Structure formats: C-alpha cells, structure tokens
Amino acid sequence: MRLEITLIGDVAVRGADGDAGRSLAGVNPRAALALLALERVQGVTRERLAEVLWPDRLPATWDSALRMVVTRVRSFLRSVLPPGAPDPIVAERGRYRLRLPDDVEVDVDVEDAEQALAEAGRALVSGDPVEARRRADHAVSRLRGPFLPGRHGGWVD
C-alpha cells in the first residue's frame with residue numbers, strides 16, 4: 001500500500017484505494033502530523049512536539065492538550081489505513097513515533113521534492129540538462145503553496 005502525505009497547502013493523506021485524499025482539520029493536528037511524518041524514523045519527544053504546537057507559550061495543561069492532539073492525528077491516520085492496521089502512532093522511550101505497517105510505502109511531498117532537487121543536481125553535473133529540468137520541474141510542482149498554512153514558529157518558518 002502507498003500512503004501519500006501532503007504538507008504543502010492542504011495537509012492531507014491519500015491512500016492506495018484511489019480516494020481523493022482526506023484533509024486533516026485543525027492547525028495543531030496538522031503541525032503534529034507534519035512533524036511526526038518528517039521525523040518518523042527517530043520520533044519526536046513530547047517536549048519538542050509541544051514546542052512546535054505552541055511556539056509562543058505552552059498552555060498550563062499542555063500535557064493533556066498534547067495527548068488530545070495526538071489522539072486526533074491517530075484517529076485520522078486510522079481512517080486512511082486498512083482495517084486491522086496497528087496503532088499508527090506509538091509512544092516509546094519518551095517519544096511519539098509514526099509507525100506504519102511494513103508494507104506501507106510513505107511518500108511525503110516535501111521529502112519527494114528534496115529528493116527530486118538532489119537528482120536534478122546530479123543530472124546537471126553529469127551533463128544531462130533535460131533530466132535535470134524534468135526533476136526540477138517535478139520538485140516545483142510538489143512545492144506549490146505554503147508549508148502548513150496558518151502556522152508560524154521557528155520549526156515551520
């Protein structure tokens with residue numbers, strides 16, 4: 001199964017079932033999904049996730065507020081994964097981590113664009129400007145729009 005996560009423009013997830021994608025509502029759940037998706041290998045500490053969600057000042061009850069945000073993201077991901085898939089967000093060793101089934105291939109638009117730019121650079125160095133342009137155009141197409149619209153803070157900026 002392929003799971004496409006879009007962080008540019010509308011934050012959405014599209015599965016392999018051909019659906020148009022499902023958008024995630026709420027500024028904080030969108031930021032949480034973005035950070036969890038981009039840091040899915042090593043995971044994110046609770047404190048780091050809270051700093052991204054509330055960059056100006058942590059709410060007095062940030063711990064319970066953080067759990068609510070993670071629960072919303074978890075429920076959203078469950079809605080796009082096949083029935084019976086394991087919990088998509090786990091807490092282990094003080095970190096939240098996005099954990100998808102081994103047979104799920106993840107495509108994150110920002111990562112895809114970064115890879116395409118790297119490939120464009122290699123093609124240019126190797127003397128293939130046509131391929132370089134094709135890969136650069138692909139990167140630009142993936143990056144049309146703002147990253148996490150409505151969000152600010154050091155990590156997002």
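Which strands does helix H1 lie across, and at about what angle does H1 run to S6? To follow the tour, keep in mind that this is a predicted model, and begin by selecting residues 27-38, which make up helix H1.

**Helix H1 and the sheet**

With H1 highlighted, add the strands beside it: H1 lies across S4, S5 and S6, and it runs at about 80 degrees to S6. Those 3 strands form an open sheet in the order S4-S6-S5, with antiparallel pairing. Strand S4 (44-45) and strand S5 (89-92) are the edge strands, each pairing on one side only. If you then select strand S6 (residues 95-98) together with S4, you will find the two paired in the antiparallel sense over 2 bridges, and threonine 45 stands opposite arginine 95 in S6.

Return to H1 and place a distance between its end C-alpha atoms, which are 17 Å apart; this agrees with the 16 Å that its 12 residues should span at 1.5 Å a residue. Colouring the helix by accessibility shows that H1 is mostly covered, since 9 of its 12 residues are buried, among them Asn28, Pro29, Leu33 and Leu36.

**The nonpolar core**

Next, select leucine 33 and show its surroundings: leaving aside residues up to four places away in sequence, it touches Val11, Val13, Leu24, Val73, Phe76 and Leu77. Leu33 also belongs to the largest nonpolar core, a set of 38 residues in which Val13, Leu33, Leu49, Leu53, Leu77 and Ile89 touch the most other members. At least two residues of this core come from each of strand S1 (2-6), H1, helix H2 (46-53), helix H3 (62-80) and S6, while the largest share, 8 residues, is supplied by H3. In soluble globular proteins, nonpolar side chains tend to be buried together.

**Helices H4 and H5**

Now move to helix H4 (residues 109-125) and select aspartate 112, which lies within it. Aspartate 112 counts as buried because its relative accessible area is 15%, below the 20% cut-off. Its side chain makes a polar contact with the side chain of histidine 138, at 2.6 Å, and aspartate 112 touches Asp107, His138 and Arg142 when residues up to four places away in sequence are not counted.

As a last stop, select alanine 136 in helix H5 (residues 129-142). Alanine 136 is partly exposed, with a relative accessible area of 24%. Adding alanine 116 to the selection lets you compare sequence with space, as the two alanines are 20 residues apart in sequence and 6.4 Å apart from C-alpha to C-alpha.

Note on methods
Residues are numbered from 1 along each chain as its sequence is written. This is a predicted model: local features need pLDDT of at least 70, side-chain atom pairs count only at pLDDT 80 or more; totals for chains, interfaces and linings use all residues. Side-chain values use heavy atoms; hydrogens and water are left out. Helices (H or I, at least four residues) and strands (E, at least two) are DSSP runs, numbered from the N terminus. The expected span of a helix is 1.5 Å times one less than its number of residues. Buried means under 20% relative accessible area, exposed over 50%, partly exposed in between (1.4 Å probe, protein chains only). Two strands pair if DSSP finds at least two bridges between them. Contact means heavy atoms within 4.5 Å. Axes are lines fitted to C-alpha atoms, for helices over the stretch in contact, and angles run from 0 to 180 degrees between N-to-C directions. A nonpolar core is a set of buried Ala, Val, Leu, Ile, Met, Phe, Trp, Tyr and Cys residues joined through side-chain atoms within 4.5 Å. A polar contact is a pair of N or O atoms within 3.5 Å; within protein, one must be able to donate a hydrogen and the other to accept it, and residues adjacent in sequence count only if both atoms are side-chain atoms.
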